[in-house]
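Work through the exercises below with the sequence and the model at hand. Each task is followed by a solution in steps.

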Amino acid sequence: MKKLLQVSLTIGIAFAIPLALSISSDAEIKAQANLAQSQPQNSQAKKFVFDFNNSYDYAACLDVILLAYEKRNAELKKVYKNDCATNVLNTFGNNLSKDVALQLVKSADLHATKGLGAPLYPTLGLRRRIAIDLGYVYVIDKSNPDILKYINSESK
């Protein structure tokens, strides 16, 4: 009985080692693919030009950016897509890295606050999602405890 148990353990260990190596190499390949994909996206994000001019279109565009970052493809298919949102999806696809999504949100904020006649800000709900997902805080929320609690809890 003892010998059978020892053989089982030896076989189990022999199988576990190749499986662990397979899992780690698969993760490494996926990480390299994501890095390769995000480098061209980072370059495109810096050059991307936003064309919204009202708060409704701004919100629709931000929603698409967040959904693409969160990889929520089912919702992306159903959500309203204005020209800005369509341009984001056509340029970057539906798989945004955190760096690219953050760069797009910052660029959209710059367009909304400096590029238009009167500054625009997204709704509190969108600003909260952006703070939670991307760690970005809008100027109007720099002293808003409802937003800052998400940023502060993340840094702890």
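Gly135 comes directly after helix H6 and has a positive phi, near 75°. The model is a predicted one, and the exercises start from this helix end.

**Exercise 1. Find which residues of H6 are buried, and find a residue other than glycine with a positive phi.**

Step 1. Helix H6 covers residues 124-134. Its buried residues are Leu126, Arg127, Ile130, Ala131, Asp133 and Leu134.

Step 2. An α-helix has 3.6 residues a turn, so residues three or four places apart point the same way.

Step 3. After H6 stands Gly135, with its phi near 75°. Lys71 is not a glycine, yet its phi is also positive, near 55°.

Step 4. Lys71 lies in the loop between H2 and helix H3 (73-78). With a relative accessible area of 44%, Lys71 is partly exposed, because values between 20% and 50% count as partly exposed.

**Exercise 2. Describe the secondary structure of the protein chain and state what share of its residues is buried.**

Step 1. The protein chain has seven helices and zero strands.

Step 2. Along the sequence this gives the pattern α-α-α-α-α-α-α.

Step 3. Of the 156 residues in the protein chain, 34% are buried.

Step 4. Take the contacts with a separation of 6 or more: 63% of them are between residues 24 or more positions apart.

**Exercise 3. Locate the disulfide of the structure and give its handedness.**

Step 1. Searching the whole structure yields one disulfide. Its partners are Cys61 and Cys84, with sulfur atoms 2.1 Å apart.

Step 2. Cys61 belongs to helix H2 (residues 55-69) and Cys84 to helix H4 (residues 83-92). The two cysteines are 23 residues apart, and the pair links distant parts of the chain.

Step 3. The torsion about the S-S bond of Cys61 and Cys84 is about -60°, so the disulfide is left-handed.

Step 4. Are the two cysteines buried or exposed? Cys61 has a relative accessible area of 1% and is buried. Cys84 is buried as well, at 2%.

**Exercise 4. Work out how H2 and H4 are oriented to each other and which residues meet.**

Step 1. The axes of H2 and H4 are 7 Å apart, and the packing angle is about 25°.

Step 2. An angle under 35 degrees counts as roughly parallel, and H2 and H4 are therefore roughly parallel to each other.

Step 3. The crossing in which H2 passes H4 is right-handed.

Step 4. On the H2 side the residues are Ala60, Cys61, Val64 and Ile65; on the H4 side they are Cys84, Ala85, Val88 and Leu89. Cys61 and Cys84, the disulfide partners, are thus both in this list.

Step 5. Sorted by class, the contact of H2 with H4 has eight nonpolar, no polar and no charged residues.

**Exercise 5. Describe the two contacts that H5 makes, with H2 and with H6.**

Step 1. H2 and helix H5 (residues 98-114) cross at roughly 170°, and their axes come within 9 Å. H2 is therefore roughly antiparallel to H5.

Step 2. H2 contributes Tyr58, Leu62, Ile65 and Tyr69, while H5 contributes Lys98, Ala101, Leu104, Val105, Ala108, Asp109 and Ala112. The classes in this contact of H2 with H5 are nine nonpolar, no polar and two charged residues.

Step 3. H5 and H6 pack at about 145°, with axes 11 Å apart. The crossing of H5 and H6 is left-handed.

Step 4. Here Lys98, Ala101, Leu102 and Val105 of H5 meet Ile130, Asp133 and Leu134 of H6. The contact of H5 with H6 has five nonpolar, no polar and two charged residues.

Step 5. Compare the lists for H5: Lys98, Ala101 and Val105 appear in the contact with H2 and again in the contact with H6.

**Exercise 6. Place Asp51 in the structure and list what it touches.**

Step 1. Asp51 sits in the loop between helix H1 (2-47) and H2.

Step 2. The relative accessible area of Asp51 is 41%, and Asp51 is partly exposed.

Step 3. Leaving out residues up to four places away in sequence, Asp51 touches Asp83, Cys84, Asn87 and His111. Among these is Cys84, a partner in the disulfide.

Step 4. Asp51 and Ala112 are 61 residues apart in sequence, and their C-alpha atoms are 9.6 Å apart in space.

Terms used
Residues are numbered from 1 along each chain as its sequence is written. This is a predicted model: local features need pLDDT of at least 70, side-chain atom pairs count only at pLDDT 80 or more; totals for chains, interfaces and linings use all residues. Side-chain values use heavy atoms; hydrogens and water are left out. A disulfide is a pair of cysteine sulfur atoms within 2.5 Å. Helices (H or I, at least four residues) and strands (E, at least two) are DSSP runs, numbered from the N terminus. Buried means under 20% relative accessible area, exposed over 50%, partly exposed in between (1.4 Å probe, protein chains only). Axes are lines fitted to C-alpha atoms, for helices over the stretch in contact, and angles run from 0 to 180 degrees between N-to-C directions. Angles under 35 degrees count as roughly parallel, over 145 as roughly antiparallel, 65 to 115 as roughly perpendicular and the rest as oblique. A crossing is left-handed if the near helix is turned anticlockwise from the far one by less than a right angle, and right-handed if clockwise. Contact means heavy atoms within 4.5 Å. Ala, Val, Leu, Ile, Met, Phe, Trp, Tyr, Cys and Pro count as nonpolar, Asp, Glu, Lys and Arg as charged, and the others, Gly among them, as polar.
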